Amino acid sequence: MIRVYTSSVIDAPAEAVWGMIRDFNGLPKWHPLIAESRIENYRKADEVGCVRLFSLKDGGVIREKLLALSDFEYSCTYSILESPMGVDNYVATLKLTPITDGDRTFAEWSAEFDCAPGREQALSDSIGQGVFQGGFDALKRLLRDRRYSGRAA
Amino acid sequence: MIRVTRSTVIDAPIDRVWAVLRDFNSHIDWHPAIAQSEIEHGEKPDQVGCVRAFSLKNGAVLREQLLTLSDDHHVSTYCILDSTIPLKRYVATVRLSPVTDGNRTFWHWESTFSTPPGMEAELAAAVGNGVYETGFKALQDYLRKPSSEKKAATPVVATPAATGSAQSIVMSRHGGPDVFSYTETPVRAPGAGQVTVKHTAIGVNYIDVYVRNGLYGALIELPGTPGMEAAGVVSVVGPGVTHLAAGDRVAYACPPVGAYTTVRTMDAAQLVKLPGHISDEVAAAVMLKGMSAEYLLHRIRPVKAGDTVLVHAAAGGVGLLLCQWASRLGAKVIGTVSSESKAQLAADNGCAVPIVTRDYRFADAVLAATDGRGADIVYDGLGKLAFEENLRALALCSHWVSFGQASGAHDAVALERLGTKSIALSRPVLFHYTADPETLRQMSANVFAAIRAGVLQPHIGARFPLAQAAQAHEFLESRASTGAIILEP
């Protein structure tokens with residue numbers, strides 16, 4: 001089992017960041033690698049157990065199931081049902097924690113999975129940096145821009 | 001149940017931050033609120049179950065126990081066992097997480113506790129801001145310093161080392177109240193037989209004036225801090241002290257000088273634990289003056305019903321207590337005062353015959369009030385200038401108790417002058433009586449019991465901030481004061 005963990009600090013209040021990432025169907029709005037997304041079987045995006053089907057900008061398609069959602073803990077846990085990445089038993093959690101000093105957000109994104117031997121480093125890098133840190137960097141830009149443009153968080 | 005949560009990002013890798021925070025005694029190295037700290041019973045600071053006993057610079061004293069330590073998840077959970085701050089069922093958790101983006105550390109500090117009603121906001125702020133947020137900034141600064149600048153871990157040794165500071169009145173020469181300055185002074189850790197006391201109230205006594213002006217110059221080593229009476233809370237207990245514990249409310253009236261300060265390390269033997277019904281302020285008003293009244297009335301020439309006693313400065317700190325107690329013992333109290341309003345105050349406190357005089361003339365009035373007999377006992381705090389009048393005012397076979405010299409030290413007394421009336425002369429010093437611990441215990445207990453019974457009613461005439469001790473002395477010497485003067489640290 002490989003574990004990937006990426007964390008960052010986003011210079012915006014945790015409620016604002018949660019507002020952007022809570023929507024299980026909202027990846028295209030903020031994640032630079034995701035093109036389109038929909039929830040299968042007409043379920044709602046915050047119905048725990050729903051499945052999102054989304055496409056990557058480079059062409060791949062991924063299906064993920066929502067396992068846990070908490071507005072209290074600002075966290076969301078999901079598993080991969082199908083993907084072109086070559087990972088098995090993949091479960092990830094995205095969690096926010098308020099930083100009271102400066103009203104900022106500590107964001108953590110972690111995943112555990114199995115993969116073919118030899119693929120560990122490449123997958124850790126592409127998931128940890130490409131997906132997770134890439135997502136955080138995008139959130140930082142979006143929330144910074146939002147602030148400067150005067151739009152409400 | 002209150003929950004306090006604070007969090008921050010420390011600009012250092014998690015291993016460096018965790019190395020400091022996993023050491024349950026490290027807070028003495030980096031948290032500015034901590035005065036002293038040690039792990040009890042020689043246990044290691046990462047031994048789960050160990051207890052840290054520490055004091056804060058504001059005088060609070062606490063013991064906390066380590067409940068959880070996880071190097072895996074960077075978690076430390078601990079609870080308060082004892083505290084002079086009323087935090088009940090206080091459990092706190094420190095949790096670190098790595099911020100991989102920038103190799104920094106997220107520090108989450110949270111606690112739950114309850115408080116006495118009405119204190120929720122104050123204590124939540126004290127914990128959240130005074131402990132947690134202050135700690136965040138302090139540890140960040142601490143980790144920025146190069147290792148050579150960091151404080152060495154505080155060893156548990158008997159040798160006192162300077163730690164912490166106080167604000168004190170300091171004098172470098174004798175003279176008027178202007179010789180006082182108010183400055184920061186170091187506080188040493190207590191050595192064997194010593195404790196550190198955080199003062200809550202300081203008593204001003206005429207002996208402080210004698211120390212300041214040089215009459216009792218031998219009592220102070222210059223530069224030094226005057227004062228011989230105060231009340232406070234024990235903050236740290238040195239080795240070998242068994243009759244006191246951190247958190248005890250105590251008071252003292254003893255040499256050496258040094259009471260005009262906020263925090264003092266001193267020998268524990270002369271410290272008396274205060275009963276619940278004696279407030280800190282009353283203790284500072286009454287330890288030296290009350291024990292003076294106790295020994296003057298009971299241990300020199302015991303007062304009995306029917307005695308006529310002459311009390312000078314009858315509206316002063318000791319004077320009022322002498323009037324109250326002597327009248328309760330059945331004596332007729334004649335008192336001298338320097339104003340009409342003081343005469344009224346003395347009369348209200350047991351003085352049957354107040355005499356107003358500003359120039360030490362009172363013998364005629366005393367003789368008139370006693371059908372020419374004179375007084376059986378004179379409690380003389382006046383000294384030199386009142387010598388002749390006191391001699392005239394005393395009865396045959398009387399007792400002259402000279403315990404103060406406000407007008408100057410007596411000249412040599414020719415014994416034959418006393419022989420004209422068979423006068424017994426005593427020149428007692430309180431500290432010779434209180435030097436014996438059992439006598440000290442009895443004397444203080446008698447004073448506290450007399451207060452509880454309403455026999456003694458301490459009168460605080462004025463309060464000054466400690467920084468204004470010079471003004472307090474001016475006030476005392478101007479004869480404007482009545483009762484006790486308190487300095488507030």
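Partly exposed, as the word is used in these exercises, describes a residue whose relative accessible area falls between the buried class, under 20%, and the exposed class, over 50%. The structure is a predicted model.

**Exercise 1.** Determine which class of accessibility R22(A) and its salt-bridge partner D46(A) belong to, and which parts of chain A the pair joins.

*Solution.* Begin with R22(A), whose relative accessibility is 27%, so that this arginine counts as partly exposed. D46(A), at 38% relative accessibility, counts as partly exposed as well. Next, consider the geometry: the side chains of D46(A) and R22(A) meet in a salt bridge, with 3.1 Å from N to O. As for position, D46(A) lies in the loop between β2 (34-39) and β3 (51-56) of chain A, whereas R22(A) lies in the loop between α1 (14-21) and α2 (27-30), so the pair ties together parts that are 24 residues apart in sequence. Finally, widen the view, and D71(A) joins R22(A) and D46(A) in a network of salt bridges.

**Exercise 2.** Compare the burial of the partners in two salt bridges of chain B, R63(B) with D82(B) and D280(B) with R249(B).

*Solution.* For R63(B) and D82(B), the N to O distance is 2.5 Å. R63(B) sits in strand β4 (residues 61-70) and D82(B) in strand β5 (residues 75-83) of chain B, so this pair ties together parts that are 19 residues apart in sequence. R63(B) is partly exposed at 27% relative accessibility, and D82(B) is partly exposed with a relative accessible area of 38%. Turning to the second pair, the closest N and O atoms of D280(B) and R249(B) are 2.4 Å apart. Here D280(B) belongs to helix α5 and R249(B) to strand β12 (residues 249-253) of chain B, and the two are 31 residues apart. D280(B), at 15% relative accessibility, falls under the 20% limit and therefore counts as buried, while R249(B) is partly exposed at 26%.

**Exercise 3.** Describe the interface of chain B and chain A, beginning with its extent and ending with the element of chain B that gives the most residues.

*Solution.* The contact takes 13 residues from chain B and 16 residues from chain A, and the area buried between the two chains is about 1,100 Å², of which carbon and sulfur atoms give 51%. Among the polar terms, 11 residue pairs are in polar contact, and 1 salt bridge is found across the interface. That salt bridge joins D101(B) to K140(A), with the closest N and O atoms 2.6 Å apart. On the side of chain B that touches chain A, the elements giving two or more residues are β1 (2-10), β6 (88-99) and β7 (104-114), and β1(B) gives the most, with 5 residues.

**Exercise 4.** Identify where the confidence of chain B is lowest and highest among its elements, and state how the stretch 152-161 should be treated.

*Solution.* Start from the whole chain: the mean pLDDT of chain B is 92, and 96% of its residues reach 70 or more. Among its elements, strand β8 (residues 162-171) has the lowest mean pLDDT, 84, and strand β15 (residues 308-311) the highest, 98. Over residues 152-161 of chain B, however, the pLDDT is below 50, although the stretch has 12 contacts in the model beyond near neighbours in sequence. Where pLDDT is low, the predicted coordinates should not be read in detail.

Methods
Residues numbered from 1 in each chain as written. Chains lettered and ligands numbered in written order. Predicted model: local features only at pLDDT ≥ 70, side-chain atom pairs only at ≥ 80, totals over all residues. Heavy atoms only, no water. pLDDT = per-residue confidence, 0-100. Helix = DSSP H or I, 4+ residues; strand = E, 2+ residues; numbered from the N terminus. Contact = heavy atoms within 4.5 Å. Buried area = accessible area lost by both parts, 1.4 Å probe. Salt bridge = Lys/Arg side-chain N within 4 Å of Asp/Glu carboxyl O. Polar contact = N/O pair within 3.5 Å; in protein donor to acceptor, adjacent residues only side chain to side chain. Buried < 20%, exposed > 50% of the residue type's maximum accessible area, 1.4 Å probe, protein only.
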